[in-house]
Amino acid sequence: PSGGPTPVLRFRTLASLVSSQLDGDLLYRGRPIEEVVRDLTFDDAVALVLGATGPGAFRGSGGPTLARLAEVLPGLPPERRLPVGVQLLAGADPLAVDLDPDRVRLAAVTAVHACLASTAPEAALSGDPVADVPALLLAGLRGGRPSRPDVELLRVLLTAL
C-alpha cells in the first residue's frame, strides 16, 4: 500500500501455459500444486509440466539404454561416468536429429535419468519399480540407498520447483 513499508522481497508473477496463480494458489497447467504433489508421481508431474499427453508419458523412456548404462558405468571412475553416459545415450538414439517438441522433451527426460543413473549406478540397478529422479539423486549424493521418507520429501520439493 502507498506509504507502507517497502517489502524486503518483491515477487512478480507471470502467467504462462505451464503455471499461473489463482487467488494466491500456484497452478500447473490449471491443476493446484497441492493436487499435483499429492496425486502424481514425479515422472507424471514432469510430463504434466512439459505438456506430454497421458499419465506415464515418460516412464521407462530410457528402456534398455538406461539398463545398459547402469551396467557399464559402475566400472568407470566417477568423473568419467557422465561423459561416457551421454555419449552412449546419443549413440543409441536413432532419432537424435528429430526436433519435434515431444521428441525433444522425451530425450531431455531420458538424459536426466541417464545422468543421475551415472552418478548412482548401483541405485539404478537396485530393482526398484522405477528408479525415479528423487531416489537416484539422493543415492548419488549420499553414496547409498536413501530412505523412503527422504525420497518422498525430495519428490515434493522437486515437484514444487
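This is a short tour of a predicted model, going from a sheet to two nonpolar cores.

Begin by selecting residues 19-22, which form strand S1, and then add strand S2, residues 25-28, which is joined to S1 by 4 bridges and runs antiparallel to it. Between S1 and S2 there are 2 residues, so placed that the two strands form a hairpin, and if you click on Asp-23 in this turn you will be at a residue with a positive phi of about 50°. Look next for Ser-19, and opposite this residue you will find Tyr-28 in S2.

Now add strand S3, residues 31-32, to complete an open sheet of 3 strands, whose order is S1-S2-S3 and whose pairing is antiparallel. Strands S1 and S3 are the edge strands, since each of them pairs on one side only.

Keep Tyr-28 selected, because this residue also belongs to the largest nonpolar core, which has 7 residues in all; the others to add are Ile-33, Val-36, Val-37, Leu-40, Ala-45 and Leu-48. If you colour helix H1 (33-39) and helix H2 (42-50), you can see that each supplies at least two residues of this core, with H1 giving the most, 3 residues.

Stay in this core and centre the view on Leu-40, which, leaving aside its neighbours within four places in sequence, is in contact with Arg-31, Glu-35, Ala-45, Leu-48 and Arg-155.

Finally, select Leu-69, Leu-73, Val-84 and Leu-89, which are among the 5 residues of another core that lies apart from the one you have just visited.

How values were computed
Residues are numbered from 1 along each chain as its sequence is written. This is a predicted model: local features need pLDDT of at least 70, side-chain atom pairs count only at pLDDT 80 or more; totals for chains, interfaces and linings use all residues. Side-chain values use heavy atoms; hydrogens and water are left out. Two strands pair if DSSP finds at least two bridges between them. A nonpolar core is a set of buried Ala, Val, Leu, Ile, Met, Phe, Trp, Tyr and Cys residues joined through side-chain atoms within 4.5 Å. Buried means under 20% relative accessible area, exposed over 50%, partly exposed in between (1.4 Å probe, protein chains only). Contact means heavy atoms within 4.5 Å.
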